Every structure is written in structure tokens, then in C-alpha cells.
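Colleague: Hi! I'm new to this one, could you walk me through it?
Modeller: Happy to, let me put it on the screen.

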Amino acid sequence: MKLYKRMRQLFFTAIVKMQAAEVGRECRVNHFSHVTKRTYLAEHVNFNGMEIAGKGKVEIGKYFHSGSGCMIITSNHNYEGESIPYDGTHIVKDVKIGDFVWFGNRVIILPGVTVGEGAIIQAGAVVTGDIPVCAIAGGNPAAVFKYRDVQHFERLKEEMKFR
């Protein structure tokens, strides 16, 4: 790896480690990313440009990989409050991302979503609801259009073939 690229990676990783509540071992941040103090990252999390915004808790499981330009949002303005277009309160909902999840480029996760273990989210998807284990989803709003071969996935986990 070129020295410049490695130095950038170390710099961006250090920033995320300072911002997050908890960061597991072997976290790698390859491009500018921003997380909140309510972000909990398991081991071997890999960001290629992630923005986590809002007041809710975000938990990301081990061996997570993201493409560039991804976003996780944990709070919305209250448009049913005492003012229009919205009032000064926020609706806060936590987000949970399982182990071995992969986001393509520019994925957006909205408040309250859970993405199950082994799921793949297609580039450009806007995830508004929960995604099941080993599902492959895409679109706006994201919908499941396929599933991983679960037996193959489980075999690779047993053989500890992680990246």
C-alpha cells in the first residue's frame, strides 16, 4: 500500500475512533467519515466514506463493509408538532446493522431500521424498513429482491473465511 494511502487511512480511522462510543479492533476507515458519540462499532468494520447523523444509537456488527458516500440517519424532525413545516423536537430511533453486512455506494439508512446478518444493500438504495438476514435489497424504497445462499454463507462462517 502506498505510504500516502496508508497515512490517510490511519488519519481517518483515528478520527472515527475519537468520535465513536466504542470501536472494535481492526477498524479501517479509508475515506472521510463522521460518526456520533452514540455509535458502537464491532471488530473489523470497514468504512469507505460513512456519515452517521442524529441522536439515536447506531450499532454496526463485525466485518461490515461500506461503499463510498453512505449515510445512516437516526432522527427526524417532528412535522406533526406545534409548527410547520416542523417544530423544534426530533423523533429519535436507533439503527442496528448485523454482522457481515455489505453496503454498496451511496446507501441511505433511515431511522429505526435493522439490517440482518449477512445482508447486502445495493448501491443507491434508501432503506426505510427492516432487511432480513441474508437478504439482498435495493431501490428507493429498498425492497428485497434476492437472498444469499444461506448454506454457503453458514459454511464460510464456520470456516472463518472473513474479509
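Modeller: This is a predicted model. One place to start is an open sheet of five strands, paired in parallel and ordered 1-3-6-11-14.

Colleague: Which strands stand at the edges there?

Modeller: Strand 1 (22-23) and strand 14 (114-115). Each has a single partner strand, so one side of each is left without a neighbour in the sheet.

Colleague: And what holds strands of a sheet together, in general?

Modeller: Strands pair through backbone hydrogen bonds, and the pairing can be parallel or antiparallel.

Colleague: OK, back to this sheet. How many bridges are there between strand 6 and strand 11?

Modeller: Three, linking residues 58-60 of strand 6 with residues 95-97 of strand 11 in the parallel sense. Glu59 has Lys96 in strand 11 as its bridge partner.

Colleague: Now the sheet with strand 8, what is its strand order?

Modeller: The order is 5-8-13-16: four strands in an open sheet, with parallel pairing. Strand 5 (50-53) and strand 16 (126-127) are its edge strands, and each pairs on one side only.

Colleague: How do strand 8 and strand 13 join up?

Modeller: They run parallel, and two bridges connect residues 70-73 of strand 8 with residues 108-109 of strand 13. Ile72 sits opposite Ile109 of strand 13.

Colleague: Switching topic: which residues form the nonpolar patch with Leu10 on the surface?

Modeller: Leu3 and Met7 join Leu10 there, and together the three have about 320 Å² of accessible area. Leu10 belongs to helix 1 (residues 3-19).

Colleague: Why does Leu10 count as partly exposed?

Modeller: Because its relative accessible area is 42%, and partly exposed means between the 20% and 50% cut-offs.

How values were computed
Residues numbered from 1 in each chain as written. Predicted model: local features only at pLDDT ≥ 70, side-chain atom pairs only at ≥ 80, totals over all residues. Heavy atoms only, no water. Pairing = 2+ DSSP bridges. Patch = residues over 30% accessible without salt bridge, like charges linked within 9 Å, V, L, I, M, F, W, Y side chains within 5 Å. Areas by Shrake-Rupley, 256 points an atom, 1.4 Å probe, with all protein chains shown as cover. Salt bridge = Lys/Arg side-chain N within 4 Å of Asp/Glu carboxyl O. Buried < 20%, exposed > 50% of the residue type's maximum accessible area, 1.4 Å probe, protein only.
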